[in-house]
Amino acid sequence: MNRAKLRKRKRMTIVLSALIMFGIALSLVLFAFEDNIVFFYGPSDIAAKKVTAGQNFRLGGLVTDGSVKKASDNVTVLFNVGDGVEDVQVSYKGILPDLFREGQGIVAQGKLNDDGIFVASEVLAKHDENYMPPEVVEAMKRAGTWQEEGEIGHDN
């Protein structure tokens with residue numbers, strides 16, 4: 001073999017090795033992120049069966065008026081989250097944020113159980129009366145129920 005062919009073969013081996021290493025590294029990064037990626041869904045998305053039971057995700061919407069109740073154990077709180085079209089029942093065991101109340105925009109992280117109840121591991125409430133989480137706004141826009149500030153009737 002002449003020198004030119006040896007050089008080309010050596011370059012090709014280096015390039016292929018680099019591509020294989022890059023592919024392995026990318027696969028490892030994506031595999032590590034798999035457990036940490038949390039998708040956001042609104043109540044209408046859940047009603048459309050876009051979520052399977054046991055899948056970890058975030059649910060956002062407004063706490064439905066008249067839906068907040070304590071369970072018999074006095075630790076679990078049951079309430080509904082809606083987007084103006086659909087409602088999802090939520091079960092949360094723990095202390096709710098100070099700003100949590102009916103008509104309030106929230107984002108909850110957890111899983112849907114086999115009965116269709118969202119079991120929240122974390123509940124986040126908006127931080128002031130003019131703020132609506134962007135995910136909640138987007139979910140309400142997809143559901144066709146988003147109204148500009150001041151039109152919803154829950155601000156005060």
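A residue counts as exposed when its relative accessible area is over 50%. Asn-74 has a value of 56% and is therefore exposed. Asn-74 sits in the loop that links β3 (69–70) to β4 (76–82). Its backbone stands out too: phi of Asn-74 is near 60 degrees, a positive value in a residue other than glycine. Most residues other than glycine have a negative phi. These values, like those below, come from a predicted model.

The chain contains 3 helices and 7 strands. Along the sequence the elements follow the order α-β-α-β-β-β-β-β-β-α. The chain has 156 residues, and 31% of them are buried.

Helix α1 spans residues 3–33 and includes Leu-16. Two surface patches were found that involve residues of this part of the chain. One is nonpolar. Met-12, Val-15, Leu-16 and Leu-19 form this patch, and together they offer about 380 Å² of accessible area. Leu-16 has a relative accessibility of 45%, so this residue counts as partly exposed. The other patch is charged. Arg-3, Lys-5, Arg-7, Lys-8, Arg-9 and Arg-11 gather there as a patch of positive charge on the surface. Lys-5, one of these residues, is also placed in helix α1. Its relative accessible area is 52%, so Lys-5 is exposed.

Strand pairing was examined next, starting with β2. This strand covers residues 56–63 and runs antiparallel to β6, with 7 bridges joining the two. Two facing pairs illustrate the register. Gly-60 stands opposite Val-107 of β6. Leu-59 stands opposite Ala-108 of β6. Strand β2 also pairs with β1 (residues 39–41); here the strands run parallel and 3 bridges join them. Phe-39 has Phe-57 in β2 as its bridge partner. A further pairing links β2 to β4, in the antiparallel sense, through 2 bridges. In that pairing, Val-63 is matched with Val-81 of β4. Strand β2 is largely enclosed by the rest of the structure, because 6 of its 8 residues are buried. In a regular strand the side chains alternate between the two faces of the sheet.

Strand β6 is mostly covered as well, with 7 of its 8 residues buried. Besides β2, its partners include β7. Strand β7 comprises residues 118–125 and pairs with β6 in the antiparallel sense over 7 bridges. Gln-109 stands opposite Glu-122 of β7. Gly-110 has Ala-120 of β7 as its bridge partner. Strands β6 and β7 form a hairpin, with 5 residues between them. Gly-116 lies in the turn and has a positive phi of about 85 degrees. Strand β7 pairs with β5 too, this time in the parallel sense and over 3 bridges. In that pairing, Val-90 stands opposite Phe-118 of β7.

Two residues were then compared by their separation from Ala-125. Gly-105 belongs to strand β6. Its relative accessible area is 1%, so Gly-105 is buried. Gly-105 and Ala-125 are 20 residues apart in sequence, yet their C-alpha atoms are 6.3 Å apart in space. Arg-101 lies in the loop between β5 (87–93) and β6 (105–112). Arg-101 is partly exposed, because its relative accessible area is 36%. Arg-101 and Ala-125 are 24 residues apart in sequence, and the distance between their C-alpha atoms is 8.6 Å.

The strand pairings can be set out in order. Strand β1 runs parallel to β2. Strand β2 runs antiparallel to β6, and β2 also runs antiparallel to β4. Strand β6 is antiparallel to β7, while β7 is parallel to β5. Burial can be read alongside this arrangement. In β2, 6 of 8 residues are buried, and in β6, 7 of 8 are buried. Outside these strands, Asn-74 in its loop is exposed, and Arg-101 in its loop is partly exposed. In helix α1, Lys-5 is exposed, whereas Leu-16 is partly exposed.

Terms used: Residues numbered from 1 in each chain as written. Predicted model: local features only at pLDDT ≥ 70, side-chain atom pairs only at ≥ 80, totals over all residues. Heavy atoms only, no water. Patch = residues over 30% accessible without salt bridge, like charges linked within 9 Å, V, L, I, M, F, W, Y side chains within 5 Å. Areas by Shrake-Rupley, 256 points an atom, 1.4 Å probe, with all protein chains shown as cover. Salt bridge = Lys/Arg side-chain N within 4 Å of Asp/Glu carboxyl O. Helix = DSSP H or I, 4+ residues; strand = E, 2+ residues; numbered from the N terminus. Buried < 20%, exposed > 50% of the residue type's maximum accessible area, 1.4 Å probe, protein only. Pairing = 2+ DSSP bridges. Lys, Arg positive; Asp, Glu negative; His and termini not counted. Charge placed at Lys NZ, Arg CZ, Asp CG, Glu CD.
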